[in-house]
Amino acid sequence: MNRLLPILFCLVPLTLTAQTQKDTILTMSDAVVLDALYIVPASPPPAGGYPAIVFVHGFSGSKEDVRSWALSYAQRGYVTSGYSVRGQGGSGGEFDFFTSERVLADLKAVIDFTKALPDVRADRVAVAGGRRNVTMHREVLSTNKTDRLG
């Protein structure tokens with residue numbers, strides 16, 4: 001058994017690195033740059049494409065706060081994305097509470113970015129995050145019914 005332990009540890013990273021994981025930047029309509037990430041599952045896309053989840057961090061956080069969630073759900077067959085809200089983490093601009101029009105427009109842009117990723121089923125994109133972001137999610141989703149999971 002002791003001889004198998006190193007072999008088992010070597011196999012674990014193979015399953016984690018098989019996913020496509022990218023750090024990227026997204027330029028908003030006002031030229032502010034947001035620090036973002038996305039992860040595509042290693043499994044082939046299901047018929048119609050992968051469902052997707054956009055993760056939003058809590059107050060004073062960054063995309064790094066949601067990376068483990070994004071990895072976990074990507075391993076379960078979801079395309080996942082996350083970003084640092086403007087003025088937080090590695091993103092530019094100034095933070096203006098989670099329900100400001102500009103921050104809500106940023107979330108909508110990240111949702112649109114996620115929908116446009118290859119093999120994503122655009123009618124199956126959810127938004128998830130901390131409790132401070134519940135109002136933000138509800139606000140964006142109420143303005144565009146196509147962003148709701150049905």
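In what order do the five strands of the open sheet stand? In this predicted model, the order is β1-β2-β4-β3-β5, and the pairing within the sheet is mixed. The edges are taken by β1, residues 20-27, and by β5, residues 120-129; each of these has a single partner strand, so that one side of β1 and one side of β5 remain without a neighbour in the sheet. Averaged over neighbouring strands and with direction ignored, the turn of one strand against the next amounts to 25 degrees.

The sheet belongs to a protein with four helices and five strands, which succeed one another along the sequence in the pattern α-β-β-β-α-β-α-β-α. Of its 150 residues, 39% count as buried, and the protein exposes about 8,200 Å², of which carbon and sulfur atoms supply 57%. Among the contacts with a separation of 6 or more, 66% are accounted for by residues 24 or more positions apart.

The mixed character of the sheet can be followed through the pairing of individual strands. Strands β2 and β4 run antiparallel and are joined by four bridges, with Ile39 standing opposite Thr80 in β4. The pairing of β3 with β4, by contrast, is in the parallel sense and extends over five bridges; here Ile53 stands opposite Thr80 in β4. Thr80 is thus faced by Ile39 and by Ile53. Strand β3, which comprises residues 50-56, also pairs with β5 in the parallel sense, over six bridges, and in β5 the residue opposite Tyr50 is Val120.

Strand β4 is mostly covered, since five of its five residues are buried under the cut-off of under 20% relative accessible area. Val79, Ser81 and Tyr83 point one way from β4, whereas Thr80 and Gly82 point the other way, and all of these residues are buried.

Two of the helices are described here in relation to the sheet. Helix α2, formed by residues 67-75, lies across β1, β2, β3, β4 and β5, and its direction makes an angle of about 30 degrees with β2. Together with β3 and β4, helix α2 makes a β-α-β unit that is right-handed; the two strands of this unit are those paired in the parallel sense over five bridges. Helix α3, formed by residues 101-115, likewise lies across β1, β2, β3, β4 and β5, but the angle given for α3 is taken to β5 and is about 140 degrees.

Two loop residues are notable for their backbone conformation. Most residues other than glycine have a negative phi. Ala31, in the loop between β1 and β2, nevertheless has a phi near 75 degrees, a positive value in a residue other than glycine. Ala31 counts as exposed because its relative accessibility, at 56%, lies over the 50% cut-off. Asp119, which is not a glycine either, has a positive phi of about 65 degrees and is placed in the loop between α3 and β5. With a relative accessible area of 47%, Asp119 is partly exposed.

Note on methods
Residues numbered from 1 in each chain as written. Predicted model: local features only at pLDDT ≥ 70, side-chain atom pairs only at ≥ 80, totals over all residues. Heavy atoms only, no water. Pairing = 2+ DSSP bridges. Axes fitted to C-alpha atoms, helices over the stretch in contact; angles between N-to-C directions. Contact = heavy atoms within 4.5 Å. Buried < 20%, exposed > 50% of the residue type's maximum accessible area, 1.4 Å probe, protein only. Right-handed = clockwise from strand over helix to strand, strands pointing away. Areas by Shrake-Rupley, 256 points an atom, 1.4 Å probe, with all protein chains shown as cover.
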